[in-house]
Structure formats: structure tokens, C-alpha cells
There are 6 protein chains.
Amino acid sequence: MKKRILFINPVGHDECDKEVFEYLQQYRDPDTEIVVESLPAGLPKMLEYSCYEALIAEPMLRRIKKADLEGYDACIIGCYFDPFLDTAKEICHHMVVTAPAEAGMHIAATIGDSFSVIVVRNKTIPEMREYVYKRGFGRYLASMRSLEIPVRELQADPEKTKNRMREKIRQALEEDMAEVILLGCTVEIGFFKELQEELGIPVIDANIAPLKYAEFLCSIRDCGAGWYTSKIGKYESPDDAELRAWGMRD
Amino acid sequence: MKKRILFINPVGHDECDKEVFEYLQQYRDPDTEIVVESLPAGLPKMLEYSCYEALIAEPMLRRIKKADLEGYDACIIGCYFDPFLDTAKEICHHMVVTAPAEAGMHIAATIGDSFSVIVVRNKTIPEMREYVYKRGFGRYLASMRSLEIPVRELQADPEKTKNRMREKIRQALEEDMAEVILLGCTVEIGFFKELQEELGIPVIDANIAPLKYAEFLCSIRDCGAGWYTSKIGKYESPDDAELRAWGMRD
Amino acid sequence: MKKRILFINPVGHDECDKEVFEYLQQYRDPDTEIVVESLPAGLPKMLEYSCYEALIAEPMLRRIKKADLEGYDACIIGCYFDPFLDTAKEICHHMVVTAPAEAGMHIAATIGDSFSVIVVRNKTIPEMREYVYKRGFGRYLASMRSLEIPVRELQADPEKTKNRMREKIRQALEEDMAEVILLGCTVEIGFFKELQEELGIPVIDANIAPLKYAEFLCSIRDCGAGWYTSKIGKYESPDDAELRAWGMRD
Amino acid sequence: MKKRILFINPVGHDECDKEVFEYLQQYRDPDTEIVVESLPAGLPKMLEYSCYEALIAEPMLRRIKKADLEGYDACIIGCYFDPFLDTAKEICHHMVVTAPAEAGMHIAATIGDSFSVIVVRNKTIPEMREYVYKRGFGRYLASMRSLEIPVRELQADPEKTKNRMREKIRQALEEDMAEVILLGCTVEIGFFKELQEELGIPVIDANIAPLKYAEFLCSIRDCGAGWYTSKIGKYESPDDAELRAWGMRD
Amino acid sequence: MKKRILFINPVGHDECDKEVFEYLQQYRDPDTEIVVESLPAGLPKMLEYSCYEALIAEPMLRRIKKADLEGYDACIIGCYFDPFLDTAKEICHHMVVTAPAEAGMHIAATIGDSFSVIVVRNKTIPEMREYVYKRGFGRYLASMRSLEIPVRELQADPEKTKNRMREKIRQALEEDMAEVILLGCTVEIGFFKELQEELGIPVIDANIAPLKYAEFLCSIRDCGAGWYTSKIGKYESPDDAELRAWGMRD
Amino acid sequence: MKKRILFINPVGHDECDKEVFEYLQQYRDPDTEIVVESLPAGLPKMLEYSCYEALIAEPMLRRIKKADLEGYDACIIGCYFDPFLDTAKEICHHMVVTAPAEAGMHIAATIGDSFSVIVVRNKTIPEMREYVYKRGFGRYLASMRSLEIPVRELQADPEKTKNRMREKIRQALEEDMAEVILLGCTVEIGFFKELQEELGIPVIDANIAPLKYAEFLCSIRDCGAGWYTSKIGKYESPDDAELRAWGMRD
């Protein structure tokens, strides 16, 4: 089944778009067409602080609703905080939306009994841990371990980053008894394969996981089963007139 | 101790500002000066949907940071979803910020062993329940009961609203064994006193609760103890240069 | 990607194999080849009691390990108790294994904020609820509601079964505020589509859900990412010599 | 609003009363009048053991009920175990009652996302942890760390105590990721300010916290809102005739 | 093994002592000698309110410590609140102490997957539920249902009480899916057998349960294994000199 | 009361039967007659892997049901995984069944506020921890610490095993604040007494604990109270005709 998937780098620069596109091309389903976009310049360059998430809320959600109307099959919010994922599910009517932590945790909870998340900075842990519990995966959480490398420097010296990752993953395996590793930032791109093979345990990449999960969500909607976000309760949408009033319906 | 408190109606109309101001005047500490504001026209008129919260994120947080720099002592985000309260704590350096659910739940958990929340619509329950658990008050939650009256009609026929409230509160007391009642919307204004006296149990108003809690948070900061939002971990702020870059520092 | 998936009806009769096969054919990925098998005659005809699960443990696990060695890509244990799913993951080295409750709960927790399970008899609820919590989905559980129709009679009078389902689903939606419905038995086959369309909420079928989840688990293993059951900790296998000693390796 | 607050040192000696009085004078609201009392000689000199709490139960509760009848506005039970706080709420009809852990945890859960408690001895941890969970704050608990200095020696060598505190707080911040520190004993008096300023995080003193919380509870009762302990359910009082029979009503 | 067990009716009247003695005689182990005592006149006649528990704290604990020194093998605190059970374990060095809820919940959690407690008044539910969770049995709790008959009237009209019990038990079985029933008051004496036989499910009596559990605790101490309350951590006793100072050691 | 108790070593060798028999003889009640049996040769020699549990399921449960029909009073499943304990309760009608973890955790939760389990290998921890939570004892779990000695070598060098145990117990006491120790394997036989005396805390042996708990469960069934596994809900048995069809009824 053909499907067109929009990967949004929810930041105000397009420096990573090409790399992400080429990376995802290697792992996509043959029927999947991938588009990678970022947000308009002038918005935050990374989301390490909660206030930066707030700054991108409105433009990102407008872009997501537009994609829903344009006929995209799926959308990935490319940040491990899964910013405004619930809201995106609320406003869409056809397009599925997913994000790295949602996708990665569902995978990890299926292929192991516990996981550790390798985050970029301790600052991100309270919000991320909260999300683990909110989504029901607290019982699987072995630990969160921080690289203490800011997002914007993760790719500056890949060897240094990889060594720090290896060290933190080893601690997670030995001290915290993790069985699966989640890389807790989309900018930790390009490392999982080598570490996975070297260490002999699954290492989940934050870009590929939501791609595959998005394809899965398309497949349960399109295979004849018709399973899609429930529109009663949490994800009930405003009616069309209201959406139109906010420029979210044409 | 003199303190200036900003109550923000986080909606794009000022229809309630005067009523809220006069209401709060009756319950404020004599040393408290109250300012009630709403957001610029053009923004959503109510926040029943999560996407409307997203639309007000950026302008509201900019207003809050500005108030912090202007020397306000406290700010109240006047919506029972406590929208972006954590983010507001992250960006402020002097001003305390609180909101109805935070304030109301701390009060209810002190003066009773369980509480029920009277919400406006079932739609709001999943997000509100999530917040109850996130903040640690799940062990006190007797129930959430819905008026099934949209926010914009709550004040249209006050007798009808009051009767529905009475019915839902009675069910919460008798069937759910609630000991304290929280009114789960700031627009449920003007009803608590009569119901509280009639039913003989505490009914917490969503406007007054954060006012008193804001005064309390000022008092622990200003009495000599100096207790204020911890600036390590969850509420660590971006540094001044970054805030300035986003127009949040002058 | 071609994939061969074995669906095991873990009971000692093959009365449903053909029906299940034809049912799944309608929902499979074009690249999926489906084989449906049941266990040897003489084993229990249904698993409503825990002791019947115990009786099928050894023959079913031997069949699963044999399938792993035969090169099957995935195996589905076709019973909503997910009997011995963890054990199956422990002994396999290439083949993914999944089952209805695992698959259904991951789907439901993604497309809604709460779910109810429509089970066949109250007797099954304690074991099923335990499993919901064990797998981390307790926070999503709105209720379990029982048809009180024994498994062996579910297809005897389909209209009666469908009517009972409709009644129980309505109660789950209205009284328990469920957003998604899980059908809690593979023999509740053939009903989901009509009920889903009529009631306007997702109804997850216990046969199709694990089929699609199995395809997904194949895709994350085979797309280049190589994600497969972690072989440290819970799912560590006995070594080959030991497996061979038990006739589980050739 | 004038308010008279009784601080009870729930021990059988008055050695600390003057120090506590002078300490609290520095932090009280200008309208607050403070009275510090201890229990009659002959009762335990500290409450490190649960049996000592039992010994003070009856005389302390009689004193509290008497204060309620005398017209005190608030009462503080000056021990971090919050001994018999629930019972005190049960028997009072006008006076608010609070205690260090209740007050401190409400504050800490508002100004940070996690807290550690610096206790005097490991012996106290099981009972204190139980209380943290009972009151709903388990989700905030980073750790409990023990000074291993008996209560009666805390003030013998203040420099030693302060150094030990500093060491334990540093561990809590660095190893347990605490964002706020609670001093877990009223006899840890006089240290918070210096440590708070040196370490740059909020350190909550066990004497001042309940003073400010008591003032807050008075303010929500007296501001016109009339919010006071719910008298249905957990805190329902025996009727007056019964209280009189026990000498708890005149 | 001979063992002498003291059953304390923790109230200030001996009206029930003879009845309890004769009741327990029918269920004791042949080697068990039973003594039933109550507390001195002048103390509360029942413990429905938390403040009455506080009034009996000191005399009851002195009696318990005395019994420990007198060589009693076990002591039962005969009230379903298990008042001061933890404290009693703290001060004893040879005698085991148990109480109805502890004993009953351990039994119920072994012979069933869920239980309901039939309490005397709604007022007791918050404290009792708190205890269920504190002791770890929350996962087994189906419901608490109240007879709404005050303790002092439970035996006034046994037929009425029995009928109310039958009604509440039936609701617990049918609506709450309880598998075992706990009678939540020692004064609900004399009813369990008939209801158990009539309804076909285990009904646990609050007097007999702690008797059998006390015998069990004696057996694990005296059979050679030597298992007795751990004296590190929660149940560490004050040293002998301190106990002597409080008249709790001779 | 005479009682005949069957202790099943659920493995396919009888090497330990005599040792276990003589060991238990020292701790049994004088009225208890003990029979120790193992399963037929050809079955797994230990249960370190979940698949070995599955292999013994059918023969062990048939043996247990046979013992129920033969008039045994109690049966002990002699493995700390408590394999198929729930299922055994489901099929029996007179005989009580218990197992080491169930028995040991009920004891530990009564005589202490927290426990650590000394397991043989890290591999066993996920399944064992899951069971701790399933049974409600998660709130008591201080830690699981592994000897990293395979079951089959535990008795090869008893001094080495004892030294490793001492080291792990010390860590549990000092670092994890455990108050009681559970030995997490029946083959850790013969060590508890010396360690208990040396370290001054209760060390619960996995063979003796279920013996004493089995005696207790007999006593509550046979003393006149008639308390036995509830036969509604989780432990409801198939009817006799069905059991007969499976050779589990004569």
C-alpha cells in the first residue's frame, strides 16, 4: 500500500533534513514515500527547554493539520519529547501521527522486559520520565542515563558521542539491568547499528522507530480493519466550523 | 507585605475580566493588588480542546515572562487545565506562578481525604485525570463528574447550572464518597458559597483557590525563608542570552 | 518483504482453522503468507480454565520452537490469554511471536486513552486483568465486561452474540468511558466490523490485531534495523546443547 | 487578619520552646501571634521510636482539643512524623492543625519536581516513607538520606551537624537528582538558610514550613471562602456529648 | 507446642470478653491457651473514631509490653483497625503480636484473588482503606461495603445484622466480583459460619483469623526456624534502659 | 490434627528428595507427616528457564490433582518460582497448595517492613519481580540480589555458596535497607540458620517456609472455620465431567 509520510523536524532550521531523509530511506518500506521538513526559520533550534516546545506549538500544529488535509498518510513529530503528540491526534481526521518515544517504548516493551533511555542532558529527565509513566511504561523503565552533551554538539565529535553512549549503555545493562536501550534524542542519529552489534542488545533509534510505527499505524487503518484514533473522549476534535475559524480547515 | 498579582484569563476575549476582578477583590488579602487580563483578541475563546491550549501557548508565555520582568509578585493562569504551568515555572525568576488545579488539589488534599472534580464536559476528563496523577493526587481522587454544559453556556442560565452542580455534587458525596468538591472550571464562578453552605462540605472555587495559593507562595518567598521554584532540574531556565534571543528578556 | 506467519489455534481441534485462515487472508499484507494450525487432537478444546493452558504448554511450545527452526518469520498464539507468550519469546532465536492481548493493547493504547475488554466469561477476568497490569496497560483499562457466553457457544447463534456484544460495548462507552474496545477472545471472530461502523469507535478483533502486529515485528527486524527480542535477561534462551537435550534443537 | 497559632513541641521538656519561639518570630506574618508550648514533664524527650509517639497521644490530643475550644486559630504539631495529625483534624471544629511533613511536602511539590528528606536516623525512614506515600507524594520522593545523628545530639555540635547535612544534601542532589531538600526533623533548626544560599536550591525548614502553611490554612478559612476540614468521612468528629464524656468538650 | 495467647479487647469494658473467649475456644489449636482481657474501665467503649484509638494507645501498649515480659507467646489486638500493631511489634522481644486486618488480609490474599470488607460504618472506610494499601493488599481490594450499623448495636438484633450482612456480601460478590469476604469488625462475631455455608464462599471472621495467625507466627518462631520480628529498621526497639525509664521493662 | 503433606521437587531427578525430607522433619509440626517426591526422570533437572517450567506443567499438575484425590492435606510446589501455583489452586477441591515465594513473602511482610531476595542468577529476576508485584508485595521489595551461582552448583562448594550469600545479604541490609532476607531457591537449603544467627536478622528458608505455611492453611481449613480456596472467580474449577475427561478425576 502506497503511503506518504511527513517527518517534521520541529525546529527552526533545516540543517538536519537531508541527513534524516537519507537515513530513513534506508529503513522505509518500499511503498513508503518520505518527506522531511522543518519549521520556519526564527523558531527555536532545539527543544531542550519546555518553553521552546511552547514556541513551536502553534506553527507545528498548523503544519500538521494542513498535512492531514493534504492527504498525507502519516506524520512523525521528530523529537523525543513527543511534543504535542496528543494534540496532533486530537485535530487529525485521516492522517496518523506518532513520535519517537511513543514508537520506541511500544517496541521496547514488546522485545524486552525493561529499557533504559540514553538522554542528552539531565535537564530533560523529569519531563521524559513523566511521559514514560503517563503512557503506562513506568513498569519497564530501568533507568534514564544522560550523555551530558547538549543537542547542538551531539554530532560535533561523533567518536566522543559514541564513546559516551557506549559507557552509558554499559552502565544501564550492568547496573540497571536494562534489556533494551532507547536513544532519547533524534539527533543521536547514526549510532544505533554499531552499538547494537557490538553490545548484542537491541538499541532503538529515535528516527527509525517512529517511521516503522507510522507504517504500522497506516497498515491497521488501511488493511480493511479501519483502526484509527478514537474520536470520542481524549481525541475528540473541535467541529469543522471551529477548526475553520482557526484556519485549520479550508 | 504588598504583592501585585496578575490573573490571566488565557482566552482571546475580556468578557469575564471585570467579573473575575470584582469576585477576587472579595477574597484577597488586604495587601494584595489584583490585575485581571486576558489575551489578545483573535485567540480561542475557551480551551475545551487541547489544540486551543496550543494556540495560546506562545502569547501567554510571553505575557507571563514579561510580567516576571515587570516585577509582578505572582501570576495565576486562570484555567483549570493549568495550561503550561510547568513551562511558566521554567521561565520565571522572581514571580511565582500557579493555577486552579494545582492550588485546589493542594487545598483539598489538606482538608479532606478524597475529592471529586465537577467538570464541564466529559471531553475534559482524560486530560484532567492525567494531570491529577501527574501531580501525585491520584490517591485522593474519588471521581470526576461532568455537568455536560459547555463552558460558553455555564453562565447563560445560572439556576440551571447550579441545579446541575447540586445534582453532581450529591452523587459525588453519596456514590463516590468524596469529602471535598473541586469546581473544575474558572467559569463555574459564583456558585461555590451557596452550595458549600447548603451541603455542608467544602466546595473549592477555581478562581479563589489559586489567588490564595499565590498569596501563600509569595509569603514563603518573602517572609525571610526565600523559598522559590528550584532552578535545577525540571524548572531550570534557559540562560539570559537565550531568553533574550527569543524576546523574553530585555 | 515476503514473510511466512504461523497462526496457532492452541486447542485440540481444527474446527476453526479454515475460518480463521480465510478471515486473516482479507487483512494480511500482500507479502504475507499465512498458515493456520491447531494442536493435536486429545488436547483441550478451549482454554477457559488455567489448567487447560497447562495441558497445552508442552506441545504448543515444541511446535513453536519447531516453527522457529523451520524458518517461519512469525508465530501468533491464537488465544486472548496470550498463553506462554513470554516462554515462546525465550526459546526462539529468529521467529517473532505475538498474541492477541499483547497486540491489541499496544494498538488500543496508541489510538485511544482508555479501553474496555469484552470477555466471554467472568471467570477469565482475574487472569486477564493481571496480564493487563503485568504488561503496563493498567492505566488504560476502563473495564472488563463479560458476555457470559461460553467460548464453545459464541458462534452458535451469531445474532445473539452480536446483540450481547453491542449491549456490553455500549455500557463500556457510556458507563466506563472507554474510548477503544478490545474483543477478548479469538472466537469473537467476524463481529468487529459491523459494530465498529455502527458505534463509531475502534473495535479491535483478536485475530487481526496479532496478524498486523506480527507483520510489524517482522518489519522492524527485517528493514535493516535488526530489532528483535533481547536475549539478555527475561528472554535469555537455554543454550543449544540444553535445547537439543529437550528435543528443541535438531 | 489577626491569628493566634500554637506550636506544640510534642515532648516532655521545654528546652527548645524559647529557641523555637524566637526562630518563628522572624518568619511569621505580622498579624500572627505565636505561642510555643511543650507537653508535661514525664513524657518522652523525643519521638524517635513509635512507642514514644503512643505515649504522647492522649495528653497531646487533649491539649489540641483544649486549644480548639480556647479559640486558637491554628496549631502546629512540631515533629516531622506529623504524629496524630489526622486525629487532631478529626476532633477540631474551628482550629486548623498542620505539621512539618504535611506542610513541607506541599511546598516542595509546588516548587520542584522531586525532593529528598534529610532524616536523623535510618530507623525513622520506614515510617516516614510510608507517610510520604500515604499523603500522595511518593511520585516526588527522590530519596531519604540519614544524618545518623540522634535527635538529642543534633544541636550539640552545630558545625558537625551542618557539615553532615551538606554532605547528605550534595548526595541527594547529585546521585538522587533531588530538586528540593526537606529537613526531616524540627530539631534540625537554624541550618536551612546558610545551606540554601550556599547550594542554590530550596531547603525547607521543618519549623517554618508548618508556620507558613498554618497561616495559609487560616487565610482560606477566614478570607470569606470558609474552607476548612471536611467534616464528613475521615475527619468526622464524635458528637459533642461523646467528646464531653471524654473531657474534650466543656 | 504449648502456647499462651492474650486476646485484648482494646476497649474500656469487659462485656464481650466471655463471649470472645468461648468463641475462640472452639477454633483454637489444642495446645493453645487463651486469655481474653479488656482495658480498664474509663477508656472508650469502642474505637469508631480515631481519637478513641489515641486514648487507648498508652494503656494498651503498656499492657502489651507487660504481657511480653510475662512470657505470653502471642497477643491479639482485637480491633479491625489493628490499632498500634506496628508499635506493638516495635516494643516486643519475644511475644508475637497480630490483629484482625493483618491476619485476615494474609488469609484472603492466599485463598482468593480479591476480597471485600464488610465494615460497620462509612466513617471507618478511609482509615481502613489506607491500611489495606499500606500493607500491600490494595491489588486485592474489590470493595468496602458498610452495614451502617454502629458497633454498639451490631449484636442488638442479630437477625437484622445478619440480613444486612447477607445483602452487602451479595453486592460484593455480584457487583464488585469479590472472591473472599472479610468481616471488618470483631463485634461482627458469630455470623461467618452460616453466611459462608449459605453463600458458598469464604467469610473470614475477625476474631478467629488473628487467633490462627498468632498460632502460625508462634509456630515459625518455635519450630526451630526462629523467625520473629526483625529488630533492625522499622521494628527496632528502644534499648532496655529507655524502656525501663518508661516503666516498660522491670 | 494429623495432616499429610506432599512436597514435590518439580524436577526430573530425585537427588534432593532424601535431603529435603530429613531437613523438613526437623521443622514440621509433630502431627505432620511429610512425603517428598520428584517428577519422573526425563523432565528438566532444574527450572532456571521458563521453558522448563512449561515442560513440567502437565505431569506436575496431574500429580497434584491425583494427590488431592488421594486425600493429601497439603501440597508444596518446591520451587521459588511457585510454578503453576494458581493453576493448582484452580483444580484442587480439598488439598491446599502453597509454594516458597507465596509462603516466604507472607511471612516476611509480617515480621518486617521490607525484604530482599537472594536469587541464584540474574536471569531469574524479571520473572520473580513480576511475581512479587502480582502478589501485592512490591511495596516490601528492597532488592533482588543474585549469587550468580547456577542451581546445579549451589551445593557443590557449600562454603563458597555461604560466603557469597553472606556478602549479598550484607549488601541488602546496608545498601538496600532490607529488614528480612528471603532465600530465593529451594536448593539454597541448609544455610539460613547460621546466617540468621550471625547477622541477627530473619533469613527465610525456601523449604521450611512453605511447610509451615501449608500447616497453617490446613489449620484454618480444619479448625472448624472451614476456610479454603474460594471456588468462585479465579480459582473456579472445571466441573467433574470435564476433569474426568482429562484424566484428572477418577
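Begin by selecting Leu182 of chain D, in this predicted model, and look directly across from Leu182(D), where Ile204(D) stands opposite in strand E8(D). Widen the selection to the strands themselves: strand E7 of chain D covers residues 180-183 and runs parallel to E8(D), to which 2 bridges join it.

Next, show the sheet to which these strands belong, an open sheet of 4 strands in chain D whose order is E6-E5-E7-E8, with parallel pairing. Colour strand E6 (141-146) and strand E8 (203-204) of chain D apart from the others, because these two stand at the edges, each with a single partner strand, so that one side of each is left without a neighbour in the sheet.

With the sheet still displayed, add helix H4 of chain D, residues 100-111, which packs on the sheet and touches strand E5 (115-119) as well as E7 and E8 of chain D. If you compare directions on screen, that of H4(D) makes about 170° with that of E7(D). Then add helix H5 of chain D, residues 125-134, and you will find it lying across E5 and E6 of chain D, where it runs at about 160° to E6(D).

Now bring chain B into view and select the contact with chain D, which takes 41 residues from chain D and 42 residues from chain B. H4, already on screen, reappears here, for H4 and helix H8 (208-222) of chain D each supply at least two residues of the side of chain D that touches chain B. Of that side, H8(D) gives the most, with 7 residues. Colouring the side of chain D that touches chain B by residue class should show 20 nonpolar, 12 polar and 9 charged residues.

Move on to chains C and A, whose contact takes 41 residues from chain C and 42 residues from chain A. On the side of chain C that touches chain A, select helix H4 (100-111) and helix H8 (208-222) of chain C, each of which supplies at least two residues, while the largest share, 7 residues, comes from H8(C). By class, this side of chain C has 20 nonpolar, 13 polar and 8 charged residues.

As a last step, superpose chain C on chain A: a turn of 180° and a shift of 0.0 Å along the axis lay chain C on chain A with an RMSD of 0.0 Å. The two copies are therefore related as by a two-fold rotation axis. The same surface serves both copies, since 100% of the contact residues of chain C recur in chain A.

Definitions and conventions:
Residues are numbered from 1 along each chain as its sequence is written. Chains are lettered from A and ligands numbered from 1 in the order in which they are written. This is a predicted model: local features need pLDDT of at least 70, side-chain atom pairs count only at pLDDT 80 or more; totals for chains, interfaces and linings use all residues. Copies are superposed by least squares on the C-alpha atoms of residues with pLDDT of at least 70 in both. Two residues are in contact if their C-beta atoms, placed from the backbone, lie within 7 Å. Two strands pair if DSSP finds at least two bridges between them. Axes are lines fitted to C-alpha atoms, for helices over the stretch in contact, and angles run from 0 to 180 degrees between N-to-C directions. Ala, Val, Leu, Ile, Met, Phe, Trp, Tyr, Cys and Pro count as nonpolar, Asp, Glu, Lys and Arg as charged, and the others, Gly among them, as polar.
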